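This report describes selected buried and surface residues of one protein model. The structure is shown first, and the description follows.

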Amino acid sequence: KWPRGDSMVKIKWQQLKDIRMTMTKKRAALYISGLLVALMMIGALIPDGPSPYFEPIGERSFQEDEKGQWAYVKWQYRRMDASGDLFMDWDPEFQYWWKYAIAFLGYGMPSLALIDPDNKKEYLLYFSIMIDKMKSKQVWDDWQRFGFGEDPLCVQNIMYKGHLNLMYGLYQLMSGDERYSKEYRWLTEQIVNEIRDNEDKKRVYQGVVCEPNQYFIHCNAIGLLSLHIYDRLYNTNYTQVEVRKTLDYISTRLADPETGLFWKVYHPSHDVATREISGYTNAWALALLKIFNPEKYTALYPVWKKMFVVEIGPFVYVKEAPTGGPNRVATIFGMLAAKEFNDKELFDKMAWTVDTVGFLKGDLETDQKRYLFVDDTLLNGMMLSFKAHVGFDTILDGFQVNTNAEIPNTKDMTWLDVLRPDVKYRNAASWQGE
């Protein structure tokens with residue numbers, strides 16, 4: 001029998017559906033094939049062979065991207081140095097983050113000097129400019145604007161004073177120059193005395209908070225490293241006492257028992273941690289704390305990597321939350337962690353991803369390189385610093401230290417002797433040491 005009319009319609013409709021499904025699958029297969037081919041072509045652009053960013057000191061040379069980024073940094077800071085307290089082209093919307101951009105660029109200066117010792121004086125010059133800009137009121141007055149108090153140095157605020165202290169320490173370590181030694185001594189005393197005061201008053205935590213009631217491990221890591229460098233310069237023993245007690249507290253109270261990674265933030269008022277594990281804060285903390293216990297933190301690095309790093313063909317990104325998506329800050333600090341833990345393959349992919357997605361390009365009229373698609377006033381210096389980073393152990397052992405330096409007298413000093421808000425930027429006499 002011939003099929004009924006409605007049956008014929010159903011058969012033809014099913015045939016059309018099958019044809020459409022087949023075409024959809026073919027298109028999907030073509031799209032996937034095209035994507036794979038594109039990824040392979042893009043991946044072919046990544047240089048093969050040994051990573052130039054990991055060549056040993058003495059063989060390491062600056063790459064073209066680093067040369068261009070350093071040229072941009074010099075132009076940027078030379079211009080700011082000649083314009084007082086201005087931060088030209090720095091977005092005020094991100095003013096809170098200026099301190100981190102300046103500090104992490106500064107941490108790259110010792111590495112640049114070790115790679116290129118013939119130009120060490122130039123790196124010291126710009127490091128000094130960075131320290132002066134770090135002391136600009138626009139960088140630290142968030143403490144006052146947020147209503148936390150007038151004095152941004154004596155109590156809490158390790159998120160600022162820890163960075164300033166580490167910049168002092170690294171500058172003196174790489175130069176032997178004691179121009180910041182009084183400020184370094186006084187600020188070291190504030191950090192040490194605050195740690196001791198917590199113990200004397202039997203507070204429930206060891207270390208220093210950032211904003212009131214906000215204790216971050218990665219910020220404390222900066223302050224602890226500044227104390228460790230002070231020990232190297234002056235034969236003090238803060239590492240064995242205050243640093244060790246703080247690290248013991250962090251490890252026993254603020255680490256996730258399942259992974260060993262650190263919780264994001266701790267609140268002393270209720271003795272409770274926000275039990276979230278952050279991609280960027282752990283990358284930062286692991287990189288800075290490795291110098292104190294290389295075996296322990298090297299073992300934690302692959303745990304962090306497995307939880308937060310995502311590779312897609314030649315691209316890679318770092319998540320801020322274990323179940324989240326790409327995060328720019330986490331990816332950038334992931335670069336620092338990859339460099340510190342000698343993860344060459346991951347670092348190269350990260351550097352290539354950021355430079356490609358951010359579109360690092362050369363200026364047509366100068367030798368500068370800068371990012372087109374992001375705020376390069378903040379990103380460029382940090383990227384240069386992390387590309388050049390030779391490892392904190394290499395930095396600490398890479399310079400001849402004057403162990404005969406005398407600890408300066410800081411009696412009667414106050415925060416006003418360090419930051420001097422009445423003078424927004426260094427005055428004409430300050431560079432002469434007056």
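K135 is placed in the loop that joins helix 5 (120-134) to helix 6 (137-140); helices (H or I, at least four residues) and strands (E, at least two) are DSSP runs, numbered from the N terminus. The model is predicted: local features need pLDDT of at least 70 and side-chain atom pairs count only at pLDDT 80 or more, while totals for chains, interfaces and linings use all residues. Residues are numbered from 1 along each chain as its sequence is written, and side-chain values use heavy atoms, without hydrogens and water.

Three residues are set out below by location and relative accessible area, where buried means under 20%, exposed over 50%, and partly exposed in between (1.4 Å probe, protein chains only).

| Residue | Location | Relative accessible area | Class |
|---|---|---|---|
| K135 | loop between helix 5 (120-134) and helix 6 (137-140) | 13% | buried |
| L372 | loop between strand 6 (369-371) and helix 16 (376-388) | 43% | partly exposed |
| N282 | helix 12 (residues 279-289) | 0% | buried |

Contact means heavy atoms within 4.5 Å. Leaving aside neighbours within four places in sequence, K135 is in contact with W140, Y160, L164, Y168, E183, V418 and L419. With the same exclusion, the contacts of N282 are L261, F262, I277 and W304.

W304 also belongs to the largest nonpolar core, a set of 132 residues in which Y77, F104, L289 and W304 touch the most other members. Such a core consists of buried Ala, Val, Leu, Ile, Met, Phe, Trp, Tyr and Cys residues joined through side-chain atoms within 4.5 Å. Beyond its neighbours within four places in sequence, L289 is in contact with I217, A221, L224, L247, F262 and Y297.
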